[in-house]
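Biologist: I would like a close look at the cysteines of this model, and at what lies around them in the chain. Please take your time and connect each point to the next, since I am new to reading structures.

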Amino acid sequence: MQTRKLGNSDMHITPVGFGAWAIGGAGYDFGWGPQEDTDSVAAIHRALELGANWIDTAAVYGIGRSEQVVARALKEWKGARPYVFTKCAMRWDAKGSITKVHKADSIRQECEDSLRRLQVEVIDLYQIHWPPEDNGPSLEESWQAMADLQKQGKVRWIGVSNHDVPQLKRLEKIAPVTSLQPPYSILRRRIEAEILPHCEQNNIGVIVYSPMLSGLLTGAMTRERAENLPADDWRRNNPEFREPKLSKNLELVERLRAVGKRYGRSPSEVAIAWVLRLPAVTGAIVGARNAKQAEGVMHAGELKLTPQDLAEIEGTASAIAAR
């Protein structure tokens, strides 16, 4: 796989990286239902075999479980070590309820906990998962703590997730932002207006999450499956997986399927290739819960869509949204 340089870092990452949210399984506010760790390890190994050279996880995924599974997969992996990215600033209680915490001492403690769970001496990219709810001074406090961790050699590069342009500008006064991790898909295009141009102008790498809208655009999601998601799968309450939006979204999937058929590719690969069409997007985070799922998506970065393909996909998306 070809690679792209991530922002101001020395890391050259593949267009598609392994996303480890779903492998955290159930048992907390943002769980994905039951998940076998052996399947998760197999998914990570298959992604790495197919050339992906980075894994994105977070402390909060499975309330520590995802990081532990990533550590197990890497311990058993015999090939070149991939980059490991993780996130902080979301803490949990005994019931699995999540709270955003941006205090410096909390960020420092989270870093130590992640290093221990991941069984690494340094984190390649450490990211603040969400900005503070009040958008107050703890935004700067948390970023100063991140910069300190970088100086101490605990983390190599620092970035953020789900931050907007004014927030990025506030952070840049303290320390350079290596990367931003925003949501981006055919159905969520908000970052195109301001965020992507700002990142491109300021050498901030962009690794987008949910390019397949949490599995909705894979081609495997049906109305019946959406209606029968496990009670502990957060997607069950997501409006995109419920009517009236579900029918429209599944209609878009059929357009993706038609485009993919020309290339012998799946709807999910077309959805991923679509987000990677812009130079400002460095990479896409793609989750997989087993080896077969990983096999179906990790080479999506090699698919180059034509202007005709893009017009067809975007025309359908616009028409559906207008209804």
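Modeller: In this predicted model, C88 counts as buried, because its relative accessibility is 1%, and buried is the word used for anything under 20%. The cysteine sulfur closest to that of C88 belongs to C111 and is 7.8 Å away, which is too far for a bond, since a disulfide needs two sulfur atoms within 2.5 Å. C199 is likewise in no disulfide, and the nearest cysteine sulfur to its own, that of C88, is 18 Å away. C199 also counts as buried, because its relative accessibility is 1%. For the structure as a whole, the number of disulfides is zero.

From C88 we can step along the chain to A89, which sits in the loop between β5 (83-88) and β6 (90-92). The backbone of A89 deserves a pause, for A89 has a positive phi of about 85 degrees although it is not a glycine. That stands out because most residues other than glycine have a negative phi. A89 counts as buried, because its relative accessibility is 0%.

There is another residue of this kind, N162, which has a positive phi of about 65 degrees and is not a glycine either. N162 is found in the loop between β9 (155-161) and α5 (165-172), and because its relative accessible area is 14%, it is buried. Within helix α5 lies Q167, and N162 is among the residues that Q167 touches, together with P131, N135 and L139, when residues up to four places away in sequence are left out. Q167 counts as buried, because its relative accessibility is 7%. Between the C-alpha atoms of Q167 and S97, which are 70 residues apart along the chain, the separation is 26 Å.

Let us go back to the strand that follows A89. W92 has its place in strand β6 and is partly exposed, because its relative accessible area is 31%. Leaving out residues up to four places away in sequence, W92 touches A59, V60, I63, G64, S97, I98 and R117. The C-alpha atoms of W92 and L74 are 18 residues apart along the chain and are separated by 25 Å.

Two of the residues in contact with W92, A59 and R117, also appear in the surroundings of E67. E67 is found in helix α2, which covers residues 65-76, and although E67 is a charged residue, it counts as buried because its relative accessibility is 0%. Apart from residues up to four places away in sequence, E67 touches T57, A58, A59, T86, S114, R117 and L118.

A glutamate in another setting is E295, which lies in helix α10 (residues 291-295) and counts as partly exposed, because its relative accessibility is 47%. E295 touches R46 and L50, again not counting residues up to four places away in sequence. The C-alpha atoms of E295 and V101, which are 194 residues apart along the chain, are separated by 36 Å.

We can now turn to the nonpolar interior. The largest nonpolar core has 86 residues, and those with the most contacts inside it are F18, W143, I272, M298 and L305. F18 touches I23, A43, I44, A47, W54, I55, D56, V286, A288 and M298, with residues up to four places away in sequence not counted. Separate from that core is a second one of ten residues, which includes F85, W157, I207 and I285. I272, named above for its contacts in the largest core, is one of the buried residues of helix α9. That helix, residues 267-275, is mostly covered, with nine of its nine residues buried; among them are P267, S268, E269 and W274.

Finally, we come to the empty space. Rolling a probe the size of a water molecule over the atoms shows where such space is left. The second largest pocket has a volume of about 390 Å³. Its lining is made up of 15 residues, and P183, R188, R190, I191 and I195 lie nearest the centre of the pocket. Sorted by class, the lining of this pocket has eight nonpolar, two polar and five charged residues.

How values were computed
Residues numbered from 1 in each chain as written. Predicted model: local features only at pLDDT ≥ 70, side-chain atom pairs only at ≥ 80, totals over all residues. Heavy atoms only, no water. Core = buried A, V, L, I, M, F, W, Y, C linked by side-chain atoms within 4.5 Å. Buried < 20%, exposed > 50% of the residue type's maximum accessible area, 1.4 Å probe, protein only. Contact = heavy atoms within 4.5 Å. 1 Å grid on protein atoms, 1.4 Å probe; cavity = no way out; pocket = protein on both sides within 12 Å on 5 of 7 lines; lining within 4 Å. Points joined across faces, edges and corners; volume = space filled by probe spheres on them. Helix = DSSP H or I, 4+ residues; strand = E, 2+ residues; numbered from the N terminus.
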